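This report describes one protein chain, its enclosed space, one of its helices and its charged side-chain pairs. The structure is shown below.

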Amino acid sequence: MHMLNLGILAHVDAGKTSLTERLLHSAGVIDEIGRVDDGNTRTDTLALERQRGITIKSAVVSFPLDGVTVNLIDTPGHPDFIAEVERVLGVLDGVLLVISAVEGVQAQTRVLMRTLQRLRIPTLLFVNKIDRSGARHEAVLREISARLTPSIVPMGTATGLGTRAARFTPGHPAPAGALDVLSGHDDALLAAYVENTLTDELLHGSLVARTREALVHPVYFGSAATGAGVEALLSGIETLLPVADGDADGPVSATVFKVDRGPAGEKVAYARMFSGTLRTRDRVPFGTDGAEGRITGISVFGDGTDLREDSVAAGRIARLTGLGDIRIGDAIGEPRTASQHFFAPPTLETVVVPGPHADRGALHLALTQLAEQDPLIGLRRDELRQETSVSLYGEVQKEVIQATLAGEYGLEVTFRETTPLCVERLVGTGQAVEFNKKHPNPFLATVGLRVEPAPVGSGVGFRLEVELGSMPYAFFKAVEDTVRETLEQGLHGWRVTDCVVTMTHSGYSPRQSHAHQGFDKSMSSTGADFRGVSPLVLMEAMRRAGTRVHEPMHRFRIEAPADTLGALLPALAQLAAVPETTRNRDDLCVLEGTVPAARVHALGQRLPGLTRGEGELESSFAHYAPVVHGTVPERPRTDHNPLNRKEYLLNVTRRVGG
């Protein structure tokens, strides 16, 4: 039996989860179709998902087609939960992208399609809701061609739009217009047309091949509510998308894309098998730090449920238990590829405020478990103030965290105002050094560091200008690790990025011991000495170089009625948004530009009132830009504050410097 791991993606409210229910029903897996509004769908299993009617966590459900078993992965549509989508993309064989026939191409649709094209994932498009009032056919095809990709092949026509009698009729014997699109990607097909040897079989074969290469995208129309077009879509899924490959006898290689917890609190890892066969009681390496674990349970997906099995082979998705320290993104066995980020990181942050009766220890544990399940959402613990900050994509995510803590952990919390998650970049070059056994350095270590800016996007580099053999390697490693850790909080408390740190001086006190006695730490350098002095040196070098705080900026695109432009421009100026291009399209105006990430939510809230409810906003992270208005934002420190030497030494060292 062939396997197909299929992701279903969409802008929120396009009908993605409803289509999942219809596919399961059409495949005979369920007898009754669940409804999002009734909270009884198969994939939205969280209480919060049922209450809000949105998908928050990805879910896997399986159904059979003739000769193919499909593992369908339902993903969230709301942009605040883009991290869930990111984790799934790397384990898919194909994607079903759902578009509403009423709303057409929406902001998140464009973000998703750009990513799918970049990753070359074979994608079918399904235009849903043809039975709804306002449904469109030709207009939506034009939108798809203009805003997503011109390489589309409509697989038939929709009739009776806007009524319960709406139907989708597949193109026979071949989809209309297929030759025009396919010939641009297939020289053999074009040659056959010129030589008058073109056949339907040749055209269909080209459609299959080019779809599997992600060069063209078949488009189906239909309705998840009535079932119109679903049979044609199922046929397309079976024949046009590539099945999973992989050698079941090869070395074990799998990728974890989701981590959940079972009834007893045990970790459950969802993994896609790319190679080999994994068996219960196998001991396997996982992650990047050489950890090992024993598989204690395996479940695979089939006929709408998960089934206990003794093994799982290449091509399948499984739920694995027994790997206690497993994390999302970890490789099991041989790593397949390096972990990649397809979407921008979170750009907002807020402090979690426990309620009057909340247990702070329980809250920290709960937040740690939530972060475990969502690795792009970072936690930042301030032990001094006993506060925890979480990074976010948006306000809806904050509401979901709040409801999850209340519903699943019994913890009532509120949040402080959401603030942008800034970074610091060096202004110039600076260097500093502390010498071993020279006042005021109380540490038995010589460390000299030079910091200098590096190109944007290059991250942090660490280099040596001293000989590697001048002291034990462990001391160099202690300096490098401490430098990278210290750069998480710059002069203003933000992470310092895009810089090179060079070690210019090194020195240590060799191991000392007395006759008939052991090692004397008071006379010999240890790793702690290098870890202790490095932050002081690094901060002094950065102080001399200077840093500038940069805030996250989003690129926005607004489509609105042309006659609302006069109201839009002053509002954009108030939000520090900068329109860069303005153009008219029919009776619409299209504005593109940049806006601070902290103002995106406010822009989204104001837009309907400014545009009679007809404006559409699309935004995504663009870059970091220097803060030029108002006071420079400061972030409270959570370390021992190496900017204050006296305070730092009191907290870090037990030696009293001479």
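Helices (H or I, at least four residues) and strands (E, at least two) are DSSP runs, numbered from the N terminus. In these terms, strand S20 (348-354), helix H10 (360-372) and strand S22 (387-392) each supply at least two residues of the lining of the largest cavity. The model under discussion is a predicted one.

**The cavity**

A search of the whole structure returns one cavity of 30 Å³ or more. The largest cavity has a volume of about 70 Å³. Its lining consists of Val352, Pro354, Arg360, Leu363, His364, Arg381, Gln386, Glu387 and Thr388. By class, three of these residues are nonpolar, three polar and three charged. H10 gives the most to the lining, with three residues.

**The chain as a whole**

The protein chain contains 16 helices and 34 strands. Of its 658 residues, 53% are buried. Its accessible surface comes to about 29600 Å², and 50% of this belongs to carbon and sulfur atoms. Among contacts between residues at least 6 apart in sequence, 72% join residues at least 24 apart.

**Helix H1**

Helix H1 (residues 16-26) is largely enclosed by the rest of the structure, because eight of its 11 residues are buried. The buried residues are Lys16, Thr17, Leu19, Thr20, Glu21, Arg22, Leu23 and Leu24. Their cover includes strands S1 (2-10), S2 (59-65), S3 (68-74), S4 (94-100) and S5 (123-128), together with helix H9 (230-240). After H1 comes Gly28, which has a positive phi near 85°.

**Salt bridges**

The count of salt bridges comes to 28. Three of them are listed here.

| Pair | Closest N to O distance |
|---|---|
| Asp93 and Arg272 | 3.3 Å |
| Glu213 and Arg210 | 3.0 Å |
| Arg283 and Glu292 | 3.2 Å |

Asp93 forms a salt bridge with Arg272. Asp93 lies in the loop between helix H3 (82-89) and S4, and Arg272 in strand S11 (residues 267-275), so the pair ties together parts that are 179 residues apart in sequence. Both Asp93 and Arg272 are buried.

In the second pair, Glu213 counts as partly exposed because its relative accessibility is 34%, whereas Arg210, at 11%, counts as buried. In the third pair, Arg283 is partly exposed, with a relative accessible area of 48%, and Glu292 is partly exposed at 46% relative accessibility. Elsewhere, salt bridges that share partners join Arg147, Arg557, Glu559, Arg583, Glu592 and Glu616 into one network.

How values were computed. Residues numbered from 1 in each chain as written. Predicted model: local features only at pLDDT ≥ 70, side-chain atom pairs only at ≥ 80, totals over all residues. Heavy atoms only, no water. Buried < 20%, exposed > 50% of the residue type's maximum accessible area, 1.4 Å probe, protein only. Contact = heavy atoms within 4.5 Å. 1 Å grid on protein atoms, 1.4 Å probe; cavity = no way out; pocket = protein on both sides within 12 Å on 5 of 7 lines; lining within 4 Å. Points joined across faces, edges and corners; volume = space filled by probe spheres on them. Nonpolar A, V, L, I, M, F, W, Y, C, P; charged D, E, K, R; others polar. Areas by Shrake-Rupley, 256 points an atom, 1.4 Å probe, with all protein chains shown as cover. Salt bridge = Lys/Arg side-chain N within 4 Å of Asp/Glu carboxyl O.
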